[in-house]
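Student: Hey, can we go through this one together? I'd like to just poke at it and ask things as they come up.
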Amino acid sequence: MKSLVELLLSENVDLKEQALSAMITLSSSSINKPIMGASGVIPLLVEILWHGVPQAKSDALIVLLNLSSHEENLAQLLQTDPIPPLVNVLKSTRRSSKTAGTCTALIELLMGFDEARRALADEEGGILAVVEVLESRSIRNRGYAVGALLTLCQSDRAKYREPILGEGVIPGLLELTVQGTPKSRAKAELLLRLLREAPCSSPDLQPDAFEHIVCGIVSQIDMEEISSRSKQMFAEMVQLSMELSLKRIQNHALVLASSDLRITGNPSSS
């Protein structure tokens with residue numbers, strides 16, 4: 001491991017990338033994680049996020065994510081103040097890319113810690129960068145983004161609700177409640193509940209109650225302050241919501257009509 005760390009310190013880009021490739025393989029093994037953490041490699045990997053070439057940054061993110069599943073390594077990572085370089089990488093890459101996904105996955109993991117949450121909120125464009133991943137085309141990346149924002153809001157709703165709302169998160173969340181995976185849809189719905197004005201009295205709301213919550217949030221949106229792309233997405237989500245509501249009403253009417261026919265066709269004997 002010592003030789004790999006030395007290669008990581010090399011000014012030779014090719015040698016550095018070879019070392020990172022080897023570390024990706026090594027860090028995937030649970031046996032190697034504590035050894036690698038003890039080698040002092042974590043601060044060097046974070047430094048690469050600031051100053052490395054794009055491929056080196058991408059590889060360093062994978063190694064950091066692998067190592068962070070070990071508790072002591074995660075504690076080490078927190079000591080390096082990782083949020084600013086992570087946000088820096090996120091801002092400079094396509095939000096639907098694998099690099100952005102790995103970066104957002106790390107941010108989601110770090111949102112379990114108060115210092116990281118404060119750092120994300122304090123970092124200029126930090127929450128916005130995560131919201132933009134939420135609006136990307138990658139289902140995987142969007143799942144990490146909604147998880148990060150949900151953990152952030154759950155930790156201190158009074159503190160983080162306004163910063164999250166202020167970055168225009170609603171259109172992406174509404175879209176995710178319709179087009180996301182079952183897991184990401186559930187997270188998006190829960191985050192929408194947390195973002196509404198009044199506290200939620202029950203975690204298990206029926207569809208009609210959920211629609212009421214969404215309508216409450218929608219009523220607070222200043223349409224002049226969101227982008228044209230967000231306006232279009234917002235309009236599409238509202239239209240889809242109306243279509244789904246109409247479909248439920250039609251299905252309910254069919255059930256009632258069928259029930260009435262059964263009653264009419266089978267009169268009770270006198």
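Student: Which residues does S68 touch, leaving out those up to four places away in sequence?
Tutor: With those left out, S68 touches L74, L77, L106 and L109. Keep in mind that this is a predicted model.
Student: Where does S68 lie?
Tutor: S68 is in the loop that joins helix 5 (54-67) to helix 6 (71-79).
Student: And is S68 buried or exposed?
Tutor: Buried, because its relative accessibility is 5% and the cut-off for buried is under 20%.
Student: OK, zooming out. How many helices and strands does the protein have?
Tutor: There are 16 helices and zero strands.
Student: What share of the residues count as buried?
Tutor: For the protein's 270 residues, that comes to 41%. As for the surface, about 14500 Å² is exposed, and carbon and sulfur atoms supply 54% of that.
Student: What about contacts between residues far along the chain, say 24 or more positions apart?
Tutor: Take the contacts with a separation of 6 or more: residues 24 or more positions apart account for 66% of them.
Student: Let's do a loop again. What's with the phi of D81?
Tutor: D81 has a phi near 55 degrees, which is a positive value, and D81 isn't a glycine. For background, most residues other than glycine have a negative phi.
Student: Where does D81 lie, and is it buried or partly exposed?
Tutor: D81 belongs to the loop between helix 6 and helix 7. At 44% relative accessibility, D81 counts as partly exposed.
Student: Why is helix 7 called largely enclosed?
Tutor: Because seven of its nine residues are buried, helix 7 is largely enclosed by the rest of the structure. Those buried residues are I83, P84, P85, L86, V87, V89 and L90.
Student: Which helices do they pack against?
Tutor: The buried residues of helix 7 pack against helix 4 (41-51), helix 5, helix 8, helix 9 (114-122) and helix 10 (126-134).
Student: What about helix 13, how many of its residues are buried?
Tutor: Eight of the ten residues in helix 13 (residues 170-179) are buried, so helix 13 is largely enclosed by the rest of the structure too. The buried ones are I170, P171, G172, L173, L174, E175, L176 and T177.
Student: New topic: N141. Where is it, and is it buried or exposed?
Tutor: N141 sits in helix 11. With a relative accessible area of 1%, N141 is buried.
Student: What does N141 touch, skipping residues up to four places away in sequence?
Tutor: Skipping those, N141 touches R95, S96, S97, A100, G101, T104, V133 and S136. There's also a distance to look at: N141 and A105 are 36 residues apart along the chain, and their C-alpha atoms are separated by 7.8 Å.
Student: S97 was in that list. Where does S97 lie?
Tutor: S97 is in the loop between helix 7 (83-91) and helix 8 (98-110). S97 counts as buried, at 10% relative accessibility. The C-alpha atoms of S97 and R140 are 9.9 Å apart, with their places 43 residues apart along the chain.
Student: Back to helix 11. At what angle does it pack with helix 14?
Tutor: Helix 11 (residues 139-155) and helix 14 pack at about 35 degrees, and their axes are 9 Å apart. The crossing is left-handed.
Student: Which residues meet there?
Tutor: From helix 11 you get G143, V146, G147, L149, L150, C153 and Q154. On the helix 14 side they meet S184, K187, A188, L190, L191, L194 and L195. By class, this contact has nine nonpolar, four polar and one charged residues.
Student: Can you say more about L190? Is it buried or partly exposed?
Tutor: L190 counts as partly exposed, at 28% relative accessibility. Leaving out residues up to four places away in sequence, L190 touches L150 and Q154. From L190 to Q154 the C-alpha distance is 9.6 Å, and the two are 36 residues apart in sequence.
Student: Which residues of helix 14 are buried, then?
Tutor: They are S184, A188, L191, L192, R193, L194 and L195.
Student: Last one: what span should helix 14 have?
Tutor: At 1.5 Å a residue, the 14 residues of helix 14 (residues 182-195) should span 20 Å. The end C-alpha atoms are 20 Å apart, which agrees.

Technical notes: Residues numbered from 1 in each chain as written. Predicted model: local features only at pLDDT ≥ 70, side-chain atom pairs only at ≥ 80, totals over all residues. Heavy atoms only, no water. Helix = DSSP H or I, 4+ residues; strand = E, 2+ residues; numbered from the N terminus. Expected span 1.5 Å × (residues − 1). Buried < 20%, exposed > 50% of the residue type's maximum accessible area, 1.4 Å probe, protein only. Contact = heavy atoms within 4.5 Å. Areas by Shrake-Rupley, 256 points an atom, 1.4 Å probe, with all protein chains shown as cover. Axes fitted to C-alpha atoms, helices over the stretch in contact; angles between N-to-C directions. Left-handed = near helix turned anticlockwise from the far one by under 90°. Nonpolar A, V, L, I, M, F, W, Y, C, P; charged D, E, K, R; others polar.
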